[in-house]
Amino acid sequence: MTIFVDRKRNKWTKTALKDTKQKVFWSDSNTQPPPSKPLSVAAVADIVIIGAGYTGLWTALQAKEDTPEKKIIVLEANVAGFGASSRNGGFCESSLTHGLHNGIARWEDELNTLNRLGRENLKGILDSIKKYNIDADVEETGTLYTANAEWQVEELKESVEDYTKYGIKATFLNKTEIQKELKSETNLAGLRVENETIMVNPAKLVWGLKRACLNLGVKFYEHTEVLDVIEENNNLIIKTPKGSVTAPQVISATNAWVKPIKKIRNHIITIFDHVLMTEPLSDAQLASIGWEGRQGVGDCANQFHYYRLSADNRILWGGWDANYYKNSEMGPDKEKRETSFELLSDHFFEAFPQLEGQLKFTHKWAGPIGTTSQFSATFGTKFNGKLVWVGGYTGLGVGASRFGARVALDLLENIDNERTQLKMVQKKPMPFPPEPLRHFFIQYTKKKIAQSDANDGKRGIWLGILDSLGLGFDS
């Protein structure tokens, strides 16, 4: 049997999921601050930011730090962090390129610069958390990558040389060594990467960033959907259901929610990722799996899981089954795919059979991810540079969103520096095909990715063509 590929329903799954709440653990287990009032007047600002996820929050914070005298307004259709920013696994990584090897494949000549900027960005996040006294359950753990098939073992061995070349401390772990780190029957080998990842409570980070912005004088209007942005008399007018804001500059930070800038849809699509959270592990249960380093973990197949320990020793287990709906459709009904939760549960107890029969899940949820064909953020402008948009972090936005915000501010001010001159910034990724071809393309690619994992990682003709064109699909 191929690990995580051959479907075998775990007998414990039905019981483990029986009383699970369809809620996001991070926001359900902490007291969420009250939302700001909706916009109900015609307001004026120097900079308007659309979206109060990580990108919008980091944009507001850095803009106010740069120019305290400017009036900055943030408009949010729901509440701060409603989307991926409060629903993710809390992996805050230094990588701006969706991992080292994607960076090598796409921006090898700039990768030393990108890696340095990524480390500076991660340090900036830690500095801000300290400066503004944000309680985000930060743990500086690093990452473990695990091999669950023999072909992945060889890939991990070979990757050590790449990490070393770019100054990243990485250690290959054979089966005995990985089992000492993390006792899972599916782990055949591992790679320990240090100093490049911190773990956070994503919702608490959102709320802390919003509080910091408020304390600096940023004005928030939540439950305020932006309906349109138009240009008038050398200004932009941002229209909402009950009000408007007039400003000379706008940054659209909606990521997976591509509205109101339609052209973003060519480059950023929305996929749904699924997550389970267990009840807290007892000391005996935790001892049965080891994990003393508390690293964030990801297995290294094309379809992959990510998992981590929370502050109260629950296991968050997510990934694998990324779903795309035609026209990037979104909504609560897209977040309740029971087959995806059941599949995750089956895989969880395949990885940790020592917990079968004794550990249940308390929370299950899904969330939208904005992804591009290059798996990393992309940037654009409208209205002759008066509006800048950014998004498409493809699952690594916890860290990379701060950098995306910084670049967006640079572009807004037409600043020429090493950030704005990066090829990642200057050149957009290849667009996804229009519907209905887009839906077929993604579903067919998902099928070929699954076949690749089942066939020792061999890419095949279709995936090989996409690789040569710089196209891809990932979460």
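**Note on charged side chains in the predicted model**

1. Lys259, Lys262, Lys263, Arg265, Lys382 and Lys428 come together on the surface as a patch of positive charge. The model is a predicted one, and the values discussed in this note should be read with that in mind.

2. Within this patch, Lys263 deserves a separate remark, since its place in the chain can be stated: Lys263 lies in the loop that runs between strand 13 (249-252) and strand 14 (269-278). Its relative accessible area is 38%, and Lys263 is therefore classed as partly exposed, the class that lies between under 20% for buried and over 50% for exposed.

3. Turning from the patch to paired charges, the model holds 27 salt bridges by the rule applied here. One of them joins Arg87 to Glu335, with 3.2 Å between the closest N and O atoms. This pair connects distant parts of the chain, for Arg87 belongs to helix 4 (residues 84-87), whereas Glu335 sits in the loop between strand 18 (323-324) and helix 11 (338-351), and the two are 248 residues apart.

4. Are the two partners of that bridge, Arg87 and Glu335, buried or exposed? Arg87 has a relative accessibility of 7% and so counts as buried, and Glu335, at 18%, also counts as buried because the class takes in values under 20%.

5. A salt bridge is also formed by the side chains of Asp137 and Lys204, at an N to O distance of 3.2 Å. Here too the pair links distant parts of the chain, with Asp137 in the loop between helix 6 (111-131) and strand 5 (143-147), Lys204 in helix 9 (residues 202-216), and their positions 67 residues apart in numbering. The partners fall into separate accessibility classes: Asp137, at 25% relative accessibility, counts as partly exposed, while Lys204, with a relative accessible area of 16%, is buried.

6. For Arg314 and Asp312, the side chains meet in a salt bridge with an N to O distance of 2.9 Å. Arg314 is buried, its relative accessible area being 13%, whereas Asp312 reaches 35% relative accessibility and is counted as partly exposed.

7. Finally, some salt bridges are not isolated pairs but join up, and a reader inspecting the model may wish to look at Asp66, Arg406, Asp410 and Arg419, which are linked in a network of salt bridges.

Terms used. Residues numbered from 1 in each chain as written. Predicted model: local features only at pLDDT ≥ 70, side-chain atom pairs only at ≥ 80, totals over all residues. Heavy atoms only, no water. Salt bridge = Lys/Arg side-chain N within 4 Å of Asp/Glu carboxyl O. Helix = DSSP H or I, 4+ residues; strand = E, 2+ residues; numbered from the N terminus. Buried < 20%, exposed > 50% of the residue type's maximum accessible area, 1.4 Å probe, protein only. Patch = residues over 30% accessible without salt bridge, like charges linked within 9 Å, V, L, I, M, F, W, Y side chains within 5 Å. Areas by Shrake-Rupley, 256 points an atom, 1.4 Å probe, with all protein chains shown as cover. Lys, Arg positive; Asp, Glu negative; His and termini not counted. Charge placed at Lys NZ, Arg CZ, Asp CG, Glu CD.
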